[in-house]
Amino acid sequence: MKLYNDMRRVEHVDHARKSAEQAVKAIKAAEEGNSIPEYDYLPYFYSRAFNLSWQFYGDNVGETVLFGDNDPTSAKPKFGSFWIKDGKLIGAFLEGGSPDENKAIAKAAREQPVVESVEVLAKEGLSFVSNI
């Protein structure tokens, strides 16, 4: 994983499809005497079951910061978690997010912004990543 500068095993259909596409592009480019940019995959997992739908991007190591409304009696709960390692946001999970909010957590997981205060991050939640 270029993003983390280490080897990883990622068992997800998204990675399988994208790495296969990368392999084909690399083979075709090599046949033509060219090269292509290094594969730079952002780990991504998701689930959809009934009225629940979550997405996760990045890595799930380090300190966790919970945010949002995770009350099971809420009509439409929206909650998540960020993973902070070495002062940077490196992973993000969101249940009930809109397409724009899911794009925002993906961008944050890739860019790994500095987190100065986990308490502020917990209060700001999605607002923090929407401003990146």
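The lining of the largest pocket in this predicted model is made up, by class, of four nonpolar residues, one polar residue and six charged residues. The residues that line this pocket are Leu3, Tyr4, Asp6, Arg8, Asp59, Val61, Lys85, Asp86, Lys88, Ile90 and Gln112, and the volume of the pocket comes to about 170 Å³. A pocket of this kind is found by a simple idea: rolling a probe the size of a water molecule over the atoms shows where empty space is left.

**Gln112 in the pocket lining**

One of the lining residues is Gln112, which sits in the loop that joins α2 (99-111) to α3 (118-124). Is Gln112 buried or exposed? Gln112 counts as buried because its relative accessibility is 15%, and the limit for a buried residue is under 20%. When neighbours within four places in sequence are left aside, Gln112 is in contact with Leu3, Tyr4, Lys88, Leu89 and Ile90. Among the residues of the pocket lining are also Leu3, Tyr4, Lys88 and Ile90.

**Residues with a positive phi**

Most residues other than glycine have a negative phi, and most peptide bonds are trans. Against that background, the following residues of the model can be set side by side.

| Residue | Phi | Place |
|---|---|---|
| Asn5 | about 55 degrees | segment before α1 (13-31) |
| Asp86 | near 50 degrees | loop between β4 (78-85) and β5 (88-95) |
| Gln112 | about 50 degrees | just after α2 |

Asn5 has its positive phi although it is not a glycine, and with a relative accessibility of 72% this residue counts as exposed, since exposed means over 50%. Asp86 likewise has a positive phi in a residue other than glycine, and Asp86 counts as exposed at a relative accessibility of 72%. Asp86 is also one of the residues that line the largest pocket.

Gly87 is found in the loop between β4 and β5, where Asp86 lies as well. At 29% relative accessibility, Gly87 counts as partly exposed. Apart from neighbours within four places in sequence, Gly87 is in contact with Pro113, Val114 and Val115. Gly87 and Ala23 are 64 residues apart along the chain, and their C-alpha atoms are separated by 34 Å.

**The helix α2 and what it packs against**

The helix α2 has 13 residues and reaches 18 Å from its first C-alpha to its last, which is close to the 18 Å expected at 1.5 Å a residue. Its buried residues are Glu101, Asn102, Ala104, Ile105, Ala106, Ala108 and Ala109. Which elements do the buried residues of α2 pack against? They pack against the strands β2 (52-58), β4 and β5, and also against the helix α4 (126-130).

**Tyr41 and His15**

Tyr41 is found in the loop between α1 and β1 (44-49), and with a relative accessibility of 4% this residue counts as buried. Not counting residues up to four places away in sequence, Tyr41 touches Met1, Leu3, Val10, Asp14, His15, Lys18 and Arg110. Although Tyr41 and Leu3 are 38 residues apart in sequence, their C-alpha atoms are 7.3 Å apart in space. His15, one of the residues that Tyr41 touches, has its place in helix α1. His15 counts as buried at a relative accessibility of 15%, and, leaving aside its neighbours within four places in sequence, His15 is in contact with Val10, Tyr39 and Tyr41.

**The chain as a whole**

The secondary structure of the protein chain comes to four helices and five strands, and from the N terminus on these elements run in the order α-β-β-β-β-β-α-α-α. The C-alpha atoms fill a box of roughly 55 × 35 × 25 Å, taken along the principal axes. Of the 132 residues in the chain, 36% are buried. Among contacts with a separation of 6 or more, 50% are accounted for by residues 24 or more positions apart.

For residues 42-128, UniProt lists "domain: Monodehydroascorbate reductase 3-like C-terminal", and the entry is unreviewed. In the model, the end C-alpha atoms of residues 42-128 lie 20 Å apart, and this span is 26% helix and 41% strand.

Methods: Residues numbered from 1 in each chain as written. Predicted model: local features only at pLDDT ≥ 70, side-chain atom pairs only at ≥ 80, totals over all residues. Heavy atoms only, no water. 1 Å grid on protein atoms, 1.4 Å probe; cavity = no way out; pocket = protein on both sides within 12 Å on 5 of 7 lines; lining within 4 Å. Points joined across faces, edges and corners; volume = space filled by probe spheres on them. Nonpolar A, V, L, I, M, F, W, Y, C, P; charged D, E, K, R; others polar. Helix = DSSP H or I, 4+ residues; strand = E, 2+ residues; numbered from the N terminus. Buried < 20%, exposed > 50% of the residue type's maximum accessible area, 1.4 Å probe, protein only. Contact = heavy atoms within 4.5 Å. Expected span 1.5 Å × (residues − 1). UniProt positions renumbered as here; feature names shortened; annotations may be inferred.
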